[in-house]
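Here is a colleague's note to read with the model open beside you. Take the points in order and find each residue as you go.

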Amino acid sequence: MRKLIFLYSSDDAASEGEGQSHRPEAAVVRLLRSLRPQILLCPSSGCLSSASTGDTRGAPGFHQTPRVRRVHGREQVPRCTCASSDSSVCGPTEQELCDTTQALKIAEAVKMEKYEFDSLVLSVSLPAQLCVREHSCWLHVKKEVREKGLLLDKDDVIPLKEAFKWIVQGPIAKELGGVSVVTKSALEVAVEFTHQPTDADCHFLASACPDCFKPTKNKQSVFTRMAVVKALEKISDAKFLRLFACPPPQPSSCCVPQGVHCLHLSVFIAGRYNKFCRSLPQTPWVIDGERRMESSVEELIAAPVLSAFRADGFNFSSSGREDVDVRTLGNGRPFAMELLNPHRARLNHEEMKQLQQSINVSSDKIRVRDLQIVSREAMSRMKEGEEEKTKSYTALIWTRKPIKSEDIAFISDIKELTLDQKTPLRVLHRRALAVRQRVVHSMNVRFMDAHHFHLELKTQAGTYIKEFVHGDFGRTKPNLCELLKTDTDILELDVESVDVDWPPAIPE
């Protein structure tokens with residue numbers, strides 16, 4: 001009969017009194033003792049081991065394994081000493097996955113990435129077919145336990161994946177200088193295993209539960225872990241036992257690690273920028289695959305930021321956008337950047353100040369202020385202001401018909417002028433066709449000469465100023481052409497202020 005084993009012996013208690021209670025294995029022992037009697041999937045061979053805390057030395061079908069020992073100054077997990085030769089019933093894992101070798105490999109892979117962190121979460125992905133083998137194992141153990149007159153619930157079974165994580169967490173943390181391996185952290189270390197020889201173990205479920213396996217464009221195989229788990233929940237025990245061996249046959253090879261992948265949660269930074277150049281787009285300007293401008297506001301800001309945080313990439317957003325020939329003056333336009341997979345996540349106040357200075361000295365076309373790290377939730381405050389807040393502009397206007405100062409004076413008296421703006425022709429390729437109502441709250445004029453005057457406007461955010469001036473072939477009504485009864489056009493436009501109270505101002 002197949003035997004069950006103890007992963008840790010009862011005399012591990014003595015090790016805690018010998019100054020070894022700080023060891024990760026000792027912590028696992030204490031945890032196991034606090035639980036109900038459990039069945040643990042032995043990670044060394046895939047067999048089942050009892051995690052019962054009672055004295056079961058005389059219990060039928062059980063034996064003990066040696067406790068954790070030190071070899072050449074390193075802690076080693078005991079090898080599985082199952083009595084039967086066909087003890088690997090749950091999965092194709094071997095002893096090399098259970099000693100510190102695998103943990104050291106994972107730690108070395110993390111070190112090579114050169115992240116700055118004080119905690120990590122370990123994510124382990126085992127082959128989907130292991131779910132089938134575990135289920136078969138569970139049915140086998142349930143039968144064996146029932147024959148002995150004992151009660152066992154599936155919740156009492158600790159999966160192989162959890163056992164593996166218990167074993168490697170301690171050595172990983174130690175090798176990385178004592179960082180915390182926790183259940184929630186900004187840095188995820190993902191380890192994936194595959195086992196090609198047993199890939200077909202779950203194929204029978206496709207015919208048994210066809211509704212659970214539907215092909216999708218983005219996935220190479222329909223036998224995902226989620227689909228397999230769903231099918232195992234649906235299939236009856238009797239049908240499963242007819243279609244799959246119980247217990248499953250022992251594999252002859254080990255799982256193959258597919259590498260260690262590290263991913264840090266995004267870091268968000270925000271600030272305000274000024275643009276002083278009339279030939280600089282906000283974002284890279286590419287038309288028909290051809291770049292039209294050398295740089296952009298986005299790129300001038302991003303280059304130093306990516307270098308400081310050692311991020312893999314970024315997403316840039318702002319409270320509205322100006323045209324390539326429009327300057328942004330005053331206190332600037334709010335912007336935010338999502339930094340993807342940053343290898344450094346924290347900069348103190350002085351370092352952020354230095355980063356801001358490095359951006360400002362890198363180009364005379366832009367200037368950044370109030371640069372700071374913000375939360376993902378705070379990003380929504382910037383977008384809230386895009387439609388609800390006001391913006392102020394200064395424009396240089398040309399008129400076809402000669403004008404006098406008194407001809408334009410009435411414009412300064414116009415308040416709360418409502419416009420109907422059909423999507424401008426110049427942005428119709430990227431914005432849906434619609435008629436949007438916008439409000440011009442106030443205007444002031446300053447006469448220059450017979451064909452030119454300055455126009456100051458305070459408008460609702462989202463107002464198309466150029467279209468209000470020239471009318472856009474009648475797509476914006478009313479417009480300045482109608483008001484002055486002559487053709488008008490805009491020669492220069494500056495954004496003077498974006499009245500969004502975000503991000504918080506930082507004293508210089």
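## Notes on a predicted model

1. **A buried arginine.** Arg 344 is buried, with a relative accessible area of 19%. The cut-off for buried is under 20%, so Arg 344 falls within that class. Keep in mind that this is a predicted model.

2. **Its partner.** Which residue forms a salt bridge with Arg 344? The partner is Glu 116, and the closest N and O atoms are 3.6 Å apart. The two lie in distant parts of the chain, 228 residues apart. Arg 344 sits in the loop between strand S16 (327-340) and helix H10 (349-362). Glu 116 sits in the loop between helix H3 (100-113) and S7. Glu 116 is partly exposed, at 41% relative accessibility.

3. **A second link between these loops.** Arg 346 and Asp 118 also meet through their side chains in a salt bridge, at 3.5 Å from N to O. Arg 346 belongs to the loop between S16 and H10, and Asp 118 to the loop between H3 and S7. This pair, too, is 228 residues apart and links distant parts of the chain. Is Arg 346 buried or exposed? Arg 346 counts as exposed, because its relative accessibility is 61% and the cut-off is over 50%. Asp 118 is partly exposed at 44%.

4. **Other salt bridges.** How many salt bridges does a search of the whole structure find? The search finds 22. One of them joins Glu 299 to Arg 291, with the closest N and O atoms 2.4 Å apart. Both ends are partly exposed: Glu 299 has a relative accessible area of 26%, and Arg 291 has 37%. Elsewhere, salt bridges that share partners form one network. Its members are Asp 323, Asp 325, Arg 426, Lys 466 and Glu 467. As background, side chains of opposite charge can pair when their charged atoms come close.

5. **The sheet with S7.** Strand S7 (residues 119-125) is part of an open sheet of 4 strands. The order is S9-S7-S10-S11, and the pairing is mixed. Which strands stand at the edges? They are S9 (180-181) and S11 (256-264). Each has a single partner strand, so one side of each is left without a neighbour in the sheet. S7 and S9 run parallel and are joined by 2 bridges. Look for Ser 119, which stands opposite Ser 180 in S9.

6. **Strand S12.** Strand S12 (residues 267-275) is mostly covered, with 9 of its 9 residues buried. In a regular strand the side chains alternate between the two faces of the sheet. Both faces of S12 are covered. Val 267, Ile 269, Gly 271, Tyr 273 and Lys 275 are buried on one side. Phe 268, Ala 270, Arg 272 and Asn 274 are buried on the other. S12 pairs with S16 in the antiparallel sense over 8 bridges, and Gly 271 has Phe 335 in S16 as its bridge partner. S12 also runs antiparallel to strand S17 (residues 366-374), joined by 7 bridges. There, the bridge partner of Tyr 273 is Val 368.

7. **Strand S18.** In S18, 9 of its 10 residues are buried. S18 pairs with strand S21 (residues 452-460) in the antiparallel sense, over 9 bridges. Ser 392 has Lys 458 in S21 as its bridge partner. S18 and S23 also pair in the antiparallel sense, again over 9 bridges. Thr 394 is matched with Asp 494 in S23.

8. **The largest pocket.** How much space lies in the largest pocket? About 1,000 Å³. Its lining has 34 residues, and the closest to the centre are Arg 321, Glu 322, Asp 323, Val 427 and Arg 430. Among the elements that give two or more residues to the lining are strand S18 (390-399), helix H11 (379-388) and strand S23 (488-498). The lining divides into 13 nonpolar, 8 polar and 13 charged residues.

9. **Cysteines.** A search of the whole structure finds 0 disulfides. Two cysteines to look at are Cys 262, buried at 12% relative accessible area, and Cys 277, buried at 14%.

Notes
Residues are numbered from 1 along each chain as its sequence is written. This is a predicted model: local features need pLDDT of at least 70, side-chain atom pairs count only at pLDDT 80 or more; totals for chains, interfaces and linings use all residues. Side-chain values use heavy atoms; hydrogens and water are left out. On a 1 Å grid over the protein atoms alone, a cavity is a set of points where a 1.4 Å probe fits but cannot get out, and a pocket is an open set with protein on both sides within 12 Å along at least five of seven lines; lining residues have an atom within 4 Å of a point. Grid points are joined across faces, edges and corners, and a volume is the space filled by probe spheres set on the points. Ala, Val, Leu, Ile, Met, Phe, Trp, Tyr, Cys and Pro count as nonpolar, Asp, Glu, Lys and Arg as charged, and the others, Gly among them, as polar. A disulfide is a pair of cysteine sulfur atoms within 2.5 Å. Buried means under 20% relative accessible area, exposed over 50%, partly exposed in between (1.4 Å probe, protein chains only). Two strands pair if DSSP finds at least two bridges between them. A salt bridge is a side-chain nitrogen of Lys or Arg within 4 Å of a carboxyl oxygen of Asp or Glu.
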